[in-house]
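Q: I'd like a close look at one part of this model, and a walk outwards from there. Could you keep it friendly for a first-year student?

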Amino acid sequence: MNWYGIKAIYIHEMERFRRTLFQSLASPIITTSLYFVVFGSAIGSRITEIDGINYGSYIVPGMIMLTILTQSISNASFAFYFPRFTNTIYEILAAPLSSFEIVLGFVGAAASKSLIIGCVIILTANFFVDVRIDHPLLMMFFLILTSITFALFGFIIGMYAEGFEGLQIIPILIITPLVFLGGSFYSINMLPEFWQKISLLNPVLYLISGFRYSFYEVSDVSLLTSTLTILTILIGCIIFIIYTFSKGYRIKD
Amino acid sequence: MKNILEINNVTKFYKNSVKALENVNLNIKEGEIFALLGPNGAGKSTLINSICGIVNFNTGTIKINNMDIVKNYRTTRKITGIVPQELNLESFETVWNNVNYSRGLFGKKPDHNYIEKLLKQLSLWDKKDNKIKELSGGMKRRVLIAKALSHQPKLLFLDEPTASVDVELRKDMWDVVKKLNEDGVTIILTTHYIEEAEELSDRVAVINDGKIILVDEKDKLIKKLGEKTIKIELFEPIEKINGNLSKYNFTLDQTNKIISHTYNLNSNTTDITELLNDVKKDGYEIKDINTEQSSLEEIFIKLIKENNNELVRN
């Protein structure tokens, strides 16, 4: 293993995060605060509790998941697309690094950034509502696994994107709607039966549900199903990346 | 001297079926400076990028230090460095971070003393804390060289190292290249500045349309393919070339005072003694004699022209 190479990519990416620390942290903090103002105060005054949990507290796991998903994707996709755009990718391709080591460096850094932001959101949420974490280890397991999985997904986007617009299409058009419709701000039990069944087709529902269970021991689907869903997405991303790399991952054409 | 690089029957097609390299065979000896010449789009950069692992080639084998670059990519890439043609750098990073990053990528543990020495050698030490965007084009080019040398490679590829740099900086770069070679680094450079190849290289290859059309020692190449012109300036103008001189392919200049004859250095006899005797026999008085040898550039243009004509015929 080229540990120095992996470390170089990781530190390099984290250094970019440090340089833009204010933007990186200010945006999720402001967004979270706005969600609490809009959903917590405005809607929360009408929906006081869901499954015995105060509405403001109930939406915290969903908000964290929304941020983790979008941040993991955008961090990883940008991190890999940027050197392609500036042509500095030549150095990574010419280095004695395996595909796995390249992915480890980029995805590790993107997932780390998301984890930091996730923790910042939990702290921010504490200023607005009481946040209880019944299973901290399970919460960390979901947080880390989701960050890695969606950083891998972002890496794929970074490999395939043909421009900066391409980096935004999937997060905006697919991920954000899936998160909003995946029970971030409500329980699917509140929906009519037909829409409950439709919601079960949304993979993000399982992530949010499992994550919420680690906080309050309430969930829309079983913990096992949630865990299997996230693992399936993770394996799917890994297989796709291996396939793309084996074909020369477009960049080496 | 042993070969540090062996390229056998390498072919590369791009996705749009454009043939970039066709059956390229080339051996590079350890310790030499090798120039790869060719017009734009000839396949120079594709060949270098294939060797360095930046693009995949379709068929053939490439060996560095007798090791296959695909099977043994870790070992072969550790001793290889590349300076790209474009100024591809992270604009917001400092020189110091950029160079250390490159060393890390190539699996070497940090060595601040070495990087300091390297930056001093390349006159970059006082710029080490500057961001890349604050540097001039020449400085950026030096940073690229520093990055390529950060892991102490034995084989260095310079892809158009002096493209769009001024004359003074070009000479500076040449000094850097010569110094590196003296320190034991084998250098392969692509260029379309013939004077660069003439100044630096031990051997030269000419590539055109993805094929290597010639490989030879620079001096031998000039001798083998080079033509020489003898210009004889006479005291009195002449109206036309006749008498003994008519058997030579003399041309007369506009002043009618200078007669020129071109001959190939490769022929067994140049007949210069006889030619001068004939000038004397015809009663001309010689004021001055001057000879001019064809440059690598003229040879290069001639070769490419011949190759292109052959391609059209086929």
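Which residue of β4(B) does Thr11(B) stand opposite?

A: Thr11(B) stands opposite Thr59(B) in β4(B). Keep in mind that this is a predicted model.

Let's look at the strands around that pair. Thr59(B) belongs to β4, which covers residues 59–64 of chain B, and β4(B) pairs with β1(B) in the antiparallel sense over 5 bridges. So much for one partner of β1(B); now meet another. β1 (residues 3–13) and β2 (residues 19–29) of chain B are also antiparallel, and 7 bridges link them. One spot to find on your screen is Ile7(B), whose bridge partner in β2(B) is Leu26(B). Between β1(B) and β2(B) there are 5 residues, and the two strands form a hairpin. Look in the turn for Ser17(B), which has a positive phi of about 70°. Here's a handy rule while you're tracing strands: in a regular strand, side chains alternate between the two faces of the sheet.

Now move along chain B to another set of strands. Here 6 strands form an open sheet with mixed pairing, and their order is β6-β7-β8-β3-β9-β10. At the edges you'll find β6 (80–83) and β10 (211–217) of chain B; each has a single partner strand, so one side of each is left without a neighbour in the sheet. From one strand to the next, the twist averages 15°.

Zoom in on β3 (residues 33–37) and β8 (residues 186–191) of chain B: they run parallel and are joined by 5 bridges. Try picking out Ala35(B), because you can then follow its bridge to Leu189(B) in β8(B).

Next come the helices. α1 (residues 44–52) of chain B lies across β3, β6, β7, β8 and β9 of chain B, running at about 150° to β7(B). Helix α5 (residues 137–149) of chain B lies across β6 and β7 of chain B, and its direction makes an angle of about 170° with β6(B).

Finally, zoom out. The domain assignment splits chain B into domain 1 (3–222) and domain 2 (227–293). The centres of these two domains of chain B, taken over C-alpha atoms, are 45 Å apart. Chain B also touches chain A: 27 residues of chain B are in contact with 21 residues of chain A. On the chain B side, α2 (73–78) and α3 (95–105) each supply at least two residues. By class, that side of chain B has 12 nonpolar, 6 polar and 9 charged residues.

Technical notes. Residues are numbered from 1 along each chain as its sequence is written. Chains are lettered from A and ligands numbered from 1 in the order in which they are written. This is a predicted model: local features need pLDDT of at least 70, side-chain atom pairs count only at pLDDT 80 or more; totals for chains, interfaces and linings use all residues. Helices (H or I, at least four residues) and strands (E, at least two) are DSSP runs, numbered from the N terminus. Axes are lines fitted to C-alpha atoms, for helices over the stretch in contact, and angles run from 0 to 180 degrees between N-to-C directions. Two residues are in contact if their C-beta atoms, placed from the backbone, lie within 7 Å. Ala, Val, Leu, Ile, Met, Phe, Trp, Tyr, Cys and Pro count as nonpolar, Asp, Glu, Lys and Arg as charged, and the others, Gly among them, as polar. Domain bounds come from an automatic or database domain assignment.
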